[in-house]
Amino acid sequence: MQVTLSKSAILGYARRAGLLGAARSDCAVEYTDGLDVEGALLDGIRSRYLALIDVGTREQLAPDDVAARVAVGESLPGGGVRLTLPSGTRRIFDVALDGWSYAVEVLPAAEAPTVMSRQLNPFTRACAERPVAVLEAPSGGEIRGLMCWPAAAAARTLTAVVVSDNDRYVLDESAIPLILPSNLTDILLP
């Protein structure tokens, strides 16, 4: 089941996982050596969350259909079109444009030269029954564009993970333990 956790909710999970929660209420202990435990927890959680988005399974990430937020842009050689993706798009699973027979898995950016050269040949060109989509090279972990053949006026579906800000964590609840520290050493030495 997809869950959306706030920064304070994920910190609560992390404190319990790292045994930093309040176990007793009849005493107080102060420790002031300058260690920012909350900052260390959040830094580690954020880096594990982004890594999970990059390599996790579709079931762990609970992606959304963001087709309504996709802009169809310039035409590409061979009858293709470039899609401009929503800001913060980190991972794409599949895409289907209007008129395509089915959604296709998106190929990595390294495949772009090969795919583009195939579109110039009428015998290897993509069609509605054999569509193709290729990522543009990501910039700083964010995917900004997608190249698709054959062209269409709109995206029918685009399943992706979009990271909107640092204060929300959207994932399947089964993946929560994957982004939490497993012990105190993970907190202090991320």
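Strand 9 contributes most to the lining of the largest pocket, supplying three residues. The model is predicted. The pocket itself has a volume of about 230 Å³. Its lining counts 18 residues, and those closest to the centre are Asp64, Val162, Val163, Arg168 and Val170.

Strand 9 is not the sole contributor. Strand 1 (2-6), strand 2 (64-65), strand 9 (155-162) and strand 10 (168-172) each give at least two residues to this lining. By class, the lining holds 10 nonpolar residues, alongside five charged and three polar ones.

Strand 10 also takes part in a ring contact. Searching the whole structure turns up one aromatic pair. Its partners are Tyr49 and Tyr169, set edge-to-face. The ring centres are 5.0 Å apart, with 70 degrees between the planes. That angle counts as edge-to-face because it is over 60 degrees. The pair joins distant parts of the chain: Tyr49 sits in helix 2 (residues 37-55) and Tyr169 in strand 10, 120 residues apart.

Both tyrosines can be set side by side for accessibility.

| Residue | Relative accessibility |
|---|---|
| Tyr49 | Tyr49: 3%, buried |
| Tyr169 | Tyr169: 1%, buried |

The cut-off for buried is under 20% relative accessible area. Tyr49 has 3%, so Tyr49 counts as buried. Tyr169 has 1%, so Tyr169 is buried too.

Key. Residues numbered from 1 in each chain as written. Predicted model: local features only at pLDDT ≥ 70, side-chain atom pairs only at ≥ 80, totals over all residues. Heavy atoms only, no water. 1 Å grid on protein atoms, 1.4 Å probe; cavity = no way out; pocket = protein on both sides within 12 Å on 5 of 7 lines; lining within 4 Å. Points joined across faces, edges and corners; volume = space filled by probe spheres on them. Helix = DSSP H or I, 4+ residues; strand = E, 2+ residues; numbered from the N terminus. Nonpolar A, V, L, I, M, F, W, Y, C, P; charged D, E, K, R; others polar. Phe/Tyr/Trp six-rings, centres within 6.5 Å; stacked < 30°, edge-to-face > 60°. Buried < 20%, exposed > 50% of the residue type's maximum accessible area, 1.4 Å probe, protein only.
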